[in-house]
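This report describes pockets and backbone features for a reader who meets the structure here. The sequence and the model are shown first.

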Amino acid sequence: MYKSKITGVGHYVPENIVTNDDLSKLMNTNDEWITERTGIKERRHRKNRNDSEETSAFLGFKASEMALKNANLTSKDIDYIVFATLSPDYFFPGNGILLQEMLGCDTIGALDVRNQCSGFVYAMGVANAFIKAGVYKNILVVGAEIHSFGLDFTDRGRGVSVIFGDGAGAVVLSATEDENTQGILSVNMHSEGKYAEELAVKFPGSKFGWADRLLTEPEALTPEDIYPVMNGNFVFKHAVTRFPESIIEALTKAGKTIEDLDLLIPHQANIRIAQYVQQLLHLPDEKVFINIQKYGNTTAASIPIALSEAKQEGKIKKGDLVMMTAFGAGFTWGSVLMNW
Ligand code: COA
């Protein structure tokens, strides 16, 4: 019986730092509001919004290089790619195949996952199932986003655009037949599609109608279609309910309790969501990893970036019980519990 364990982690973010003060020059906002409501102090944006080189696939490539090095593997050892992103380079094809080419992998399978902030958890769920079934041995699981190209940096978009940032993280998930307890212990994934429009980017999509309307009636395309729309309060309330539900479900399935948990790596959506969940579950500060102050919400990239930094900072030791939990657009949510 195979189990899967993480054998390498990596992350990559664009060099360009955008502070809250920088944003206050573009729109009516300020450092105090952003810090108090979200915990974010700065985020990364690619230098030039019109850049076509520093794409989400490219960021994923850089993070993957680090994860492969960390795993002591080469791209030839990888037999499948799962790439989570909501900001792919093209509407189609997806980023997985672009990464296969950039890394020079063999003609392996490459799957894109479109589950937004829960994308990385879903990607891990898929990869874990393939490994447990004995289908693949080393799977590259990637979360990468370029948000900065698609945000509304005017007063109209300030409730959304201050939150999101660019970045990428990656892990190598490998098969093990070891009898020891290391590896993924339980996974859960959930969805509630009736809330699809509470947090969404509607264009491009077939609901818009025939693409010809873009040429014949360009005014049919509104800012609400092309920029993210988010019912912030509504998302917040659902997130603080679903996070703990999913955490408890993952622990219970593995026969563990909250006291057994060594580190929670929550999707970095908003520091207040993480603090609420932390209080509810009576977790001390050292058991919840937070780096949202540096990167904002990087959606599918936020958990693997946090995992990679937590490992670099020595916050994860062999044998630790580590939980990754996410909530986001869809709504979707879920957790991955593992013994490190
Ligand atoms: N700067 C300054 N003021 C802003 C602002 C900004 N960037 N964005 C919104 N405001 C204003 C609003 O216009 C509103 O003003 P009003 O009272 O005069 O109408 C006021 O601040 C409060 O807005 P509101 O949206 O109620 O604030 P909030 O406390 O709900 O915080 C979020 C907004 C987005 C930070 C919060 O709802 C949130 O984080 N939700 C979860 C979102 C999330 O995590 N999404 C990712 C997917 S998991």
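The lining of the second largest pocket divides by class into 12 nonpolar, seven polar and two charged residues. The model is a predicted one, and the values below are computed from it.

**The second largest pocket**

The space in this second largest pocket comes to about 420 Å³. Its lining is made up of 21 residues, and I163, M230, G232, F236 and N270 are the closest to the centre. Two or more lining residues come from each of α2 (31-38), α9 (232-253), α10 (271-280) and β12 (321-328). Of the elements, α9 gives the most to this lining, with five residues.

**The largest pocket**

The largest pocket holds about 1,100 Å³ of space. There are 34 residues in its lining, and those nearest the centre are L86, R114, V201, K202 and F203. Both β9 (199-200) and α8 (223-226) supply at least two residues of this lining. By class, 20 of the lining residues of the largest pocket are nonpolar, seven are polar and seven are charged.

The two linings are set out by class in the table.

| Pocket | Nonpolar residues | Polar residues | Charged residues |
|---|---|---|---|
| Largest | 20 | seven | seven |
| Second largest | 12 | seven | two |

**Cis peptide bonds**

A cis peptide bond joins F92 to P93, with omega near -5°. P93 belongs to the loop that runs between β4 (80-84) and α4 (95-103). From G330 to F331 the peptide bond is also cis, and here omega is near -10°. F331 is found in the loop between β12 and β13 (332-339). The element β12 appears in the account of the pockets as well, since it gives two or more residues to the lining of the second largest one.

**Positive phi values**

Where in the chain does N72 lie, a residue other than glycine with a positive phi? N72 is placed in the loop between α3 (56-71) and β4, and its phi is near 60°. The relative accessible area of N72 is 70%. Because exposed means over 50% relative accessible area, N72 counts as exposed.

H282 is not a glycine either, yet its phi is positive, at about 55°. This residue, H282, sits in the loop between α10 and α11 (292-295). H282 is exposed, with a relative accessible area of 71%. The helix α10, at one end of that loop, is among the elements that give two or more residues to the lining of the second largest pocket.

Definitions and conventions. Residues are numbered from 1 along each chain as its sequence is written. This is a predicted model: local features need pLDDT of at least 70, side-chain atom pairs count only at pLDDT 80 or more; totals for chains, interfaces and linings use all residues. Side-chain values use heavy atoms; hydrogens and water are left out. On a 1 Å grid over the protein atoms alone, a cavity is a set of points where a 1.4 Å probe fits but cannot get out, and a pocket is an open set with protein on both sides within 12 Å along at least five of seven lines; lining residues have an atom within 4 Å of a point. Grid points are joined across faces, edges and corners, and a volume is the space filled by probe spheres set on the points. Helices (H or I, at least four residues) and strands (E, at least two) are DSSP runs, numbered from the N terminus. Ala, Val, Leu, Ile, Met, Phe, Trp, Tyr, Cys and Pro count as nonpolar, Asp, Glu, Lys and Arg as charged, and the others, Gly among them, as polar. Buried means under 20% relative accessible area, exposed over 50%, partly exposed in between (1.4 Å probe, protein chains only).
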